Amino acid sequence: MSYLRVAPISSLTAEFSVPGDKSMSHRAAILGGLSNGICTIDNFLPSEDCVNTLHAMRLLGVKHEVLEERPEFGPTRLRIHGKSMALSTPDAPIDCGNSGTGMRLLAGLLAGQEFSSELFGDASLSSRPMGRVIDPLSLMGAKIIGAGIRPGCAPLQISPAKLTPIQYQMPMASAQVKSAILLAGLFASGKTSVTQPAETRDHTERMMAAFRVTTRREGQEISIYGGQVPEACDFRVPGDISSAAFWLVAAAAMPGSRLRIQDVGLNPTRTAILKVLSRMGARMLEIVDRSDGEPIGHIEIHGTSLRGTTILLEEVPNLIDEIPVIAVAAALAQGRTVIRNAKELRVKETDRITTVVNGLRAMGAEVEEFEDGMEIEGGKPLKAATIDSCGDHRIAMAFAIAGLFAKGETTIRHTDCINTSYPGFSHHLQAVIRQQTAPSAYHLPTIVRA
Ligand code: S3P
């Protein structure tokens, strides 16, 4: 069994760059594969989730060459040979592993093809709701069966279909669902529109623009005309702010710490974590260094004693992946933190409300669980515990960060899952604990001695 042992530290002074953005890497693999030529993708995230999407595209006839790779993990620089929208029949079912994003985006891509396909995943993914993409895609004429043990769940069996456009009002704020519909819309005749109930990450729209695919936005409605062929382009994926979030919390809550994260995506639909940490008292600077399609820059943060906060309704979709580590920050802060309207957390890689509440309680925090979130009375000292990630990467990493603040040595069990989003996390963690760099690790932080 894989595990991490975490010893407490007293301050963190470091410069980091984190691996490439997961959301953008999935989309780059897909749009590059649909494009009309050769695309070079830099700083691709070599995580299991994104490599599965790359393999999916290969099964659909898209060739790629690996120009650079991290031997332990996977490709970081790729040349993709786009198929000008003409995908080929896969000769095997497509494995999406643990990735909801991979499966939902690919369902949109495959819904309007002339061939049959099947998408499957691991036990966690096979229990996650796929009705949210099956329903709108079926309205477009797709023939998709959720053939899993649970109704509406993977494996997804997709039969050939001709798609017609829809105007769809999404019942939940989900970038995955929006993106599945926009990808399907590329293969439908006419104008497909999707309206989101709240702002969600807009990487699909931005990346489509980079590939010269026009989408139009009016209020919360995003529309696309079918029949556009993405124009091949080169794309550099910035660091993933959701991975940076773990270190941001560690530094923010540790008085005397100084952290700089460079080359990180600062798309405003992803930076609510920074607003929340500022409200909690963190002293920080967010600087956009360049903005070509996606804003990219650096974050500097100085540690202090945090105070509790209330997460706003409209912030929830913007920081849904960061809530586990925000809950850790809340346990370290003085006063009450309220995280509500976040029922979506229950259908992530694990039920992240229950896994976070149980983990925090095991470490001595005072937490109340609600159907749609939790309230945390912060400020009680954390004690070391053994925490099972339950196979959820963000749970494993959030509690590794909690371990940096706990009295005693914390053990996180089942940590292999971290490779689905943050290959190299354990190297970073060990470097932070030892306050030194090791030469072979992935994008190691520079530990700056105070
Ligand atoms: C993602 C969207 C989010 C997020 C996931 C990545 C994406 O999910 O949790 O990690 O790349 O579109 P939802 O949009 O379903 O909330």
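# Aromatic pairs, a mixed sheet and two nonpolar cores

The structure holds 4 aromatic pairs, counting rings whose centres lie within 6.5 Å. The model is predicted. The rings of Phe16 and Trp247 have centres 5.0 Å apart and planes at 35°, so this pair is tilted. Beyond the rings, this briefing covers an open sheet of 4 strands, the surroundings of Val229 and two separate nonpolar cores.

**Aromatic pairs and a ring cluster**

- Phe16 belongs to strand 2 (residues 13-16) and Trp247 to helix 7 (residues 241-252), so their pair ties together parts 231 residues apart in sequence.
- Both Phe16 and Trp247 are buried.
- Trp247 also pairs with Phe425: the ring centres are 5.3 Å apart and the planes lie at 25°, so this pair is stacked.
- That second pair links distant parts of the chain, with Trp247 in helix 7 and Phe425 in helix 12 (residues 425-434), 178 residues apart.
- Trp247 has a relative accessible area of 0%, so it counts as buried, the cut-off being under 20%.
- Phe425 likewise is buried, at a relative accessible area of 0%.
- Ring pairs join Phe16, Phe246, Trp247, Tyr422 and Phe425 into a cluster.

**A charge over a ring**

- Arg340 lies over the face of Phe370.
- The distance from Arg340 to the ring centre is 3.8 Å.

**The sheet of strands 10 to 13**

- Strands 10, 11, 13 and 12, in that order, form an open sheet with mixed pairing.
- Strand 10 (167-169) and strand 12 (215-218) are the edges, each pairing on one side only.
- From one strand to the next, the twist averages 15°.
- Strand 11 (residues 191-195) and strand 13 (residues 221-225) run antiparallel and are joined by 5 bridges.
- Val194 has Ile222, in strand 13, as its bridge partner.
- Helix 5 (residues 175-186) packs on the sheet and touches strand 10, strand 11 and strand 13.
- The direction of helix 5 makes about 25° with that of strand 13.

**Val229 in its loop**

- Val229 sits in the loop between strand 13 and strand 14 (235-236).
- Its relative accessibility is 38%, so Val229 counts as partly exposed, a class that runs between 20% and 50%.
- Setting aside neighbours within four places in sequence, Val229 is in contact with Leu34, Asn36, Ser84 and Met85.
- Val229 and Asn36 are 193 residues apart in sequence, yet their C-alpha atoms are 6.7 Å apart in space.

**Nonpolar cores**

- The largest nonpolar core has 78 residues.
- Within this core, Trp247, Leu277, Leu360, Leu404 and Phe425 touch the most other members.
- Helix 7 gives the most to the core, with 10 residues.
- Leaving out neighbours within four places in sequence, Leu360 is in contact with Ala327, Val328, Ala331, Ala365, Val367, Ile376 and Phe399.
- Another core, of 67 residues, lies apart from the largest one.
- Members of this other core include Leu34, Leu45, Leu125 and Val177.

**Where the topics meet**

- Trp247 and Phe425 are part of the ring cluster, and both are also among the residues that touch the most other members of the largest core.
- Leu34 is one of the contacts of Val229 and is also listed in the core of 67 residues.

Methods:
Residues numbered from 1 in each chain as written. Predicted model: local features only at pLDDT ≥ 70, side-chain atom pairs only at ≥ 80, totals over all residues. Heavy atoms only, no water. Phe/Tyr/Trp six-rings, centres within 6.5 Å; stacked < 30°, edge-to-face > 60°. Helix = DSSP H or I, 4+ residues; strand = E, 2+ residues; numbered from the N terminus. Buried < 20%, exposed > 50% of the residue type's maximum accessible area, 1.4 Å probe, protein only. Lys NZ or Arg CZ within 6 Å of the ring centre and 35° of its normal. Pairing = 2+ DSSP bridges. Axes fitted to C-alpha atoms, helices over the stretch in contact; angles between N-to-C directions. Contact = heavy atoms within 4.5 Å. Core = buried A, V, L, I, M, F, W, Y, C linked by side-chain atoms within 4.5 Å.
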